[in-house]
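Visitor: I would like to learn how to read the packing of a protein model, one feature at a time. Could you take me through the case shown here?

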Amino acid sequence: MLLTALATMAIVTTDQTALRAAPRDSAAQQAVLWQGDALEVRGRRLDYLQVWDHRRERAGFVRASQVRTTELKPAEADGLLAVMRFVRDTPGAEALGIGYAAAYLQAVPTEKLDAEPFDIIGTLADRLARRAALKPGQAASATVAAHLEVVNHYGVKIAGTERDGALQPCYDGDAFRRVLALPATPEQRARAALGLTRHDCVDSALSPVQRLPLDQWRANVLDQVNASAFVQLPETTKNKLRLRRAGVWASLAFQQARREDAPAAAAAAQRAIAELAAIDKAELSDEDQRDYNDAAIRVGASRWAAEPVPAATASGLAVRTEPGQPGETCVVLVDTKTPGSSPARALARHCTFGLVWTASARANTQAAALTLAVQPLDGWRELWVFRRTQGTWSVDVLPPAAQGPELGYVEFAGWGPGIDRLLVARESRIDGRFKRSFEVLKLTTLQMEKQASTPELLSAFARWQDPAWKRQTVSLR
C-alpha cells in the first residue's frame with residue numbers, strides 16, 4: 001500500500017468533496033475529492049482544514065466535517081482497524097475502506113501485523129471490481145471510476161478486460177496472496193482462495209499452453225484450504241469452495257484431455273463430479289444457486305473425461321479419429337458389421353478443432369443414426385448427429401443454445417421408438433440467464449417436437465431415456 005508518511009492525515013469520507021482555494025464556500029474549487037482520498041493536514045482555518053493533496057500535487061482547503069483525521073501512530077491502529085471491519089461489509093465504501101487500510105498499515109507496529117488487514121483489502125478490492133463490471137452498452141459510473149482511481153493510488157490494481165462483449169474488471173489479488181502467505185484463519189484463507197480463482201477473471205485469449213498451468217495453479221490455491229481448515233468453515237463457505245473446485249477441475253479435465261493425457265483428465269473429471277456431488281443444496285443462497293448451475297454446466301461439459309470407452313455395440317456403427325489439418329481432429333463413422341468390409345467401411349467424415357469424446361458415441365439399434373459429443377471450448381459442448389437418409393449419411397451439429405458460446409452443453413438422452421425420435425438434454429447460460437430443458441427431436445429434421453423443464457413431464461423420457469445417460473448425467477441433479 002503506497003502512502004506517504006504524514007504527520008497528520010485526513011481521509012475523505014464524502015464523495016465529491018470540494019478542494020477549495022480558500023476556507024470559504026464561495027472560493028474557487030481546485031479539485032473534486034472522493035471517498036478514500038488521503039490528504040496531508042497542514043493547518044486549520046475556521047471550519048476548514050488546510051491540506052496538501054499528494055495525488056494531485058495541489059494545496060487547498062476542505063471542510064473538516066467531510067474528512068476524518070488520524071496521526072498514523074500505533075495508538076491509532078485499533079481505531080483504524082475497527083473502521084475497516086465496519087466498511088468491509090458496506091457496499092459502496094470500498095475506496096474509503098482501502099484508504100483506512102493504507103493508514104492502518106502505516107500506524108500498526110510490525111509485530112502486530114497479521115493477515116486481517118490484507119483480507120479486508122482483498123475483499124474490498126474484489127467487490128469494487130465487481131461494481132465496476134459493465135454490461136454491453138452500459139455507461140460507466142463516474143463514482144465507480146473515481147473510486148478506481150483512488151485505490152490505484154494506493155497500489156491496488158484493478159484491470160479491465162473484454163469478456164463476452166462486456167468489460168470485466170478484476171483485482172490482481174496481491175492482498176489475497178499475502179493472506180495465503182501469512183498465518184490466517186480458515187475463513188480468511190477461503191476468501192483469499194475464492195478471490196484468486198474467479199472463472200470470469202480468466203483471460204479468454206489465453207492459449208492452451210498458457211491455460212493449463214493457470215488452471216493447475218487455481219486448483220492448488222483452492223486446495224490450500226486443507227481438510228482440517230475446511231471442517232471449521234460454515235456450510236455456505238464450504239459450498240462456495242466446492243463449487244469453485246468443481247468448475248476448476250472440470251476445466252482441468254478439458255485441458256488435460258487436449259494434451260491427450262487420459263489418466264490425468266479422468267482424475268480431474270472425477271474430482272469435479274465429486275465436488276459437485278458434495279454440495280449441500282439446502283445451504284445454497286440465491287447467488288450460490290447461480291454459481292451451482294454454472295458449476296454443473298462446466299462439469300457436465302467435461303464429464304466424458306471420466307467415462308471409459310464402451311465396448312463395440314451390436315449396431316455395427318462406430319467412430320474413429322484421425323488427424324486432419326494442423327490442430328484438427330477428423331471423425332470417421334465406420335460400419336463394422338457389413339460382411340466382407342475389412343477394414344471397416346467409412347460412411348461419413350467430419351473434422352473439428354474441438355475435443356472429440358469418443359466414449360460418448362451412441363448408435364440406435366437400426367444402425368441408422370449415431371450421436372457424438374464434441375467440445376470445442378472449455379464449458380461448451382455440442383452434439384453431433386450422424387444420420388442415414390435414403391442411403392446417404394450426413395452430419396448435423398446441435399449447439400447447447402442458439403446464442404453463445406458462453407456456457408452450455410447438449411447431450412444424448414435416448415432414442416425414441418423406431419428411428420423417429422431423439423431425446424436430448426440441454427443446459428446453458430446466455431446473457432447471465434440459466435436455462436435447462438429436456439427435448440424430443442424428430443430425427444428426420446432435428447426439429448424440436450416437445451420440450452419440458454423436467455423429464456418427468458415428457459412421456460417419451462419415461463419410456464425411452466437411456467439408462468446410462470440417467471446414471472451419468474448431471475442434468476438430473
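Guide: What follows goes from the nonpolar cores to a pair of helices and then to some single residues. This is a predicted model, in which local features need pLDDT of at least 70 and side-chain atom pairs count only at pLDDT 80 or more, while totals for chains, interfaces and linings use all residues. Residues are numbered from 1 along each chain as its sequence is written, and side-chain values use heavy atoms, with hydrogens and water left out.

Visitor: Which residues have the most contacts inside the largest nonpolar core?

Guide: In soluble globular proteins, nonpolar side chains tend to be buried together. A nonpolar core here is a set of buried Ala, Val, Leu, Ile, Met, Phe, Trp, Tyr and Cys residues joined through side-chain atoms within 4.5 Å, where buried means under 20% relative accessible area, exposed over 50% and partly exposed in between (1.4 Å probe, protein chains only). The largest such core has 86 residues, and Leu241 and Leu276 have the most contacts inside it. Helix H9 (residues 235–258) gives the most to this core, with 10 residues; helices (H or I, at least four residues) and strands (E, at least two) are DSSP runs, numbered from the N terminus. A second, separate core of 15 residues includes Ala348, Ala367, Leu370 and Trp384.

Visitor: At what angle do H9 and H11 pack?

Guide: Two packed helices are described by the angle between their axes and the distance between the axes. H9 and H11 pack at about 25 degrees, with their axes 8 Å apart; axes are lines fitted to C-alpha atoms, for helices over the stretch in contact, and angles run from 0 to 180 degrees between N-to-C directions. The two helices are therefore roughly parallel to each other, as angles under 35 degrees count as roughly parallel, over 145 as roughly antiparallel, 65 to 115 as roughly perpendicular and the rest as oblique. H11 is mostly covered, with 12 of its 17 residues buried.

Visitor: What is notable about the phi of alanine 367?

Guide: Most residues other than glycine have a negative phi, and most peptide bonds are trans. Alanine 367, although not a glycine, has a positive phi of about 55 degrees, and it lies in the loop between strand E13 (355–363) and strand E14 (369–377). Leucine 446 also has a positive phi, of about 60 degrees, and lies in the loop between strand E19 (433–442) and strand E20 (448–452).

Visitor: Is alanine 367 buried or exposed?

Guide: Alanine 367 is buried, with a relative accessible area of 15%, and leucine 446, at 11% relative accessibility, counts as buried.
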